[in-house]
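Trainee: Could you take me on a close look at how the helices meet in this model? I would like to start with one helix and follow its contacts step by step.

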Amino acid sequence: MRTVTVLGATGVIGTHTLEVVDRFPDAFTVVALTAGRNVERLAELVRRYRPRFVAVAEAEGARWLRERLRQDGLPMPEIGVGREGLVAAAEVPSDVVVSAVVGAAGLPAAWAALARGAVLALANKETLVTAGDLVMAVARRHGGSIVPVDSEHSALFQCLMGSRREDVRRLLLTASGGPFRTWPKERLAQVTVEEALRHPNWAMGRKITVDSATLMNKGLEVIEAHHLFAAEYDDIEVLVHPQSVVHSLVEYRDGSMLAQLAPPDMRLPIQYALMHPARPENDWPRLDLTTSGALTFEPPDLERFPCLRLAYDAGRAGGYAPCVLNAANEVAVEAFLEGRLPFNGIARVVESVLERHITGTPRELNDIVEMDAWARGEARSAVRKGGWGA
C-alpha cells in the first residue's frame, strides 16, 4: 500500500492518476489533494477518497468547500489556500507526490516534496525547466527522487533501465507535430484558438495543447530530459512522429535503438510512475501493430516552429534563460487563448523577452521566483505591442 498526494487533482493528469488509483484500490491510499478553482469537483473527490488534507486556489473556494462538506456530513480535512496550501499539501507525509499542476506554479510544491525525501511523479515539466539544477540538487541532498510522468520521458526512463550511461549515444524525443504539422508558414498567422486546441492524438489541458501546436512543449521536454538524464543538449534530438505510437527512443553506441511503444493514453505512464518496476495487468487499450498502420518519422521544421529552437537556445545558455523562456511562454499562450495575440506572436514574445533578460546563475528558489516575475512583466509588455517587445 502506497500513500499518494495528487497536486492538480481535477486536471487531465490528476483525473487520469485517480483512474489508476481506482484500478488498483488495494495498492494506494490518497492522503492529500489539491485543485485550483474547481471546488465542486474537489468536493466529490473528498467524498470518494477521504484525504486528510486538501488545498484550493482561493479563500472563497475554501469557504464554499468547508460548507459543502459540512452539509454532506463528511469528515473535515484540513484545508489550505493558494501557494501556501499547495506547498503544505506536498509536505503531508506520503510515499508519492504526483505533480500535475500547470506551469511554474508547481515549482515550490515539487521542491517541498523532494525536500522531505518523497518520490516525485513529475508531470509538471516546468519544475525542471525553470530551476532544474537547483531542483536536482535538492533531490540529491534530501534523498528525494523524480520519476517522469510525461509519456516521452517515461519512455526514455524505461529504455534506459539497466543500461550504462557511457553506452548511450543519444536520446530521441518524439513529437506528434501538432495540428499544424503540414501547414505553410504564412497560414500560421491565421490560426484560431479552436484550431490550436484540436490536437490530433492527445486529450490534454488547454495550455499544453497550445504548447504542442507551437512545439514549445517539445522544447520544454528537451530541457527536462537534460536534467532528468544528465544528457548534453547535443545528445538530445526531436523526431516528429505523427502517429504518437513510439513515445521515445534511446540510441546506444553499438548502433542499437530501444523504443517504447504504446497507445497515446496517459494512464500507462502514470501507472508506471506510481508502481514501477512492477507492471500489473490493467484495462487500458492495447496496441495492435497489425492495425496501427505505418509509423513515420521526420525532422522538425525550426523555421515554421521557432519555439523549439528558442528552447534549445535557452537550455544551452543555462542560468536564468530557461526560466525566462517558460515564463514568457506562459504569458504569451494565455494571451493567445484570450484572443489578444496571434498564434505566431507566441514565439515573438518569448524571443523578445529572452533577448532582454539579465544573464546570471540562480542560487536559491527565490532567485527563480524573482526572475519569473520579471519575465512575466516583460512578456505582458511585449503582448501589448503584438509580440514585438520594446
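Mentor: Happy to! Let's begin with one term: two residues are in contact when heavy atoms of theirs lie within 4.5 Å of each other. Keep in mind too that this is a predicted model.

Our starting point is helix H1, which covers residues 12-23, and its first partner here is helix H2, residues 39-49. Two packed helices are described by the angle between their axes and the distance between the axes. For H1 and H2, the axes come within 13 Å and cross at roughly 20°. Angles under 35 degrees count as roughly parallel, and H1 and H2 are therefore roughly parallel to each other. Their crossing is left-handed. Which residues make the contact? On the H1 side they are Leu18, Val21 and Asp22, and on the H2 side Leu45, Arg48 and Tyr49. Sorted by class, this contact has 4 nonpolar and 2 charged residues, with no polar ones.

Follow the chain out of H2 and you reach arginine 50, in the loop that leads from H2 to strand S3 (53-56). Have a look at its backbone: phi is near 50°, which is a positive value in a residue other than glycine. Arginine 50 has a relative accessibility of 48%, so it counts as partly exposed.

Now go back to H1 and turn to another partner, helix H11 (267-275). The axes of H1 and H11 come within 9 Å and cross at roughly 65°, and the crossing is right-handed. H1 brings Ile13, His16, Thr17, Glu19 and Val20 to this contact, while H11 brings Arg267, Ile270, Gln271 and Leu274. By class, these are 4 nonpolar, 3 polar and 2 charged residues.

Is H11 itself enclosed or open? Of its 9 residues, 8 are buried, so H11 is largely enclosed by the rest of the structure. The buried ones are Arg267, Pro269, Ile270, Gln271, Tyr272, Ala273, Leu274 and Met275.

Let's pause at arginine 267, which sits in H11. Buried means under 20% relative accessible area, and arginine 267, at 19%, therefore counts as buried. Its side chain makes a polar contact of 2.7 Å with the side chain of aspartate 265. Another polar contact, of 3.3 Å, joins the side chains of arginine 267 and glutamate 19. If you leave aside neighbours within four places in sequence, arginine 267 is in contact with His16, Glu19, Val20, Trp284 and Pro285.

Just past H11 there is a detail worth finding on your screen. Histidine 276 and proline 277 are joined by a cis peptide bond, with omega about 5°. Proline 277 belongs to the loop between H11 and helix H12 (306-317).

For practice, try the same reading on another pair of helices. Helix H9 (residues 206-214) packs against H10 at an angle of about 95°, and their axes are 5 Å apart. H9 and H10 are therefore roughly perpendicular to each other. Here Lys207, Ile208, Asp211, Ser212 and Thr214 of H9 meet Met216, Asn217 and Leu220 of H10. The residues of this contact divide into 3 nonpolar, 3 polar and 2 charged.

From H10 (216-228), the loop towards strand S9 (236-240) holds alanine 230. Alanine 230 has a positive phi of about 50° although it is not a glycine. What about its surroundings? With a relative accessible area of 62%, alanine 230 is exposed.

Leu220 also gives us a path to a new place: it is one of the residues touched by asparagine 326, together with Ala104, Glu126, Val129 and Thr130, not counting residues up to four places away in sequence. Asparagine 326 lies in helix H13, residues 321-337, and its relative accessible area of 0% makes it buried.

Alanine 328 is found in H13 as well, and it counts as buried at 0% relative accessibility. Leaving out residues up to four places away in sequence, alanine 328 touches Val349, Val350, Val353 and Ala379. How far is alanine 328 from glycine 377, in sequence and in space? They are 49 residues apart along the chain and 8.6 Å apart from C-alpha to C-alpha.

Key: Residues are numbered from 1 along each chain as its sequence is written. This is a predicted model: local features need pLDDT of at least 70, side-chain atom pairs count only at pLDDT 80 or more; totals for chains, interfaces and linings use all residues. Side-chain values use heavy atoms; hydrogens and water are left out. Axes are lines fitted to C-alpha atoms, for helices over the stretch in contact, and angles run from 0 to 180 degrees between N-to-C directions. Helices (H or I, at least four residues) and strands (E, at least two) are DSSP runs, numbered from the N terminus. Angles under 35 degrees count as roughly parallel, over 145 as roughly antiparallel, 65 to 115 as roughly perpendicular and the rest as oblique. A crossing is left-handed if the near helix is turned anticlockwise from the far one by less than a right angle, and right-handed if clockwise. Ala, Val, Leu, Ile, Met, Phe, Trp, Tyr, Cys and Pro count as nonpolar, Asp, Glu, Lys and Arg as charged, and the others, Gly among them, as polar. Buried means under 20% relative accessible area, exposed over 50%, partly exposed in between (1.4 Å probe, protein chains only). A polar contact is a pair of N or O atoms within 3.5 Å; within protein, one must be able to donate a hydrogen and the other to accept it, and residues adjacent in sequence count only if both atoms are side-chain atoms.
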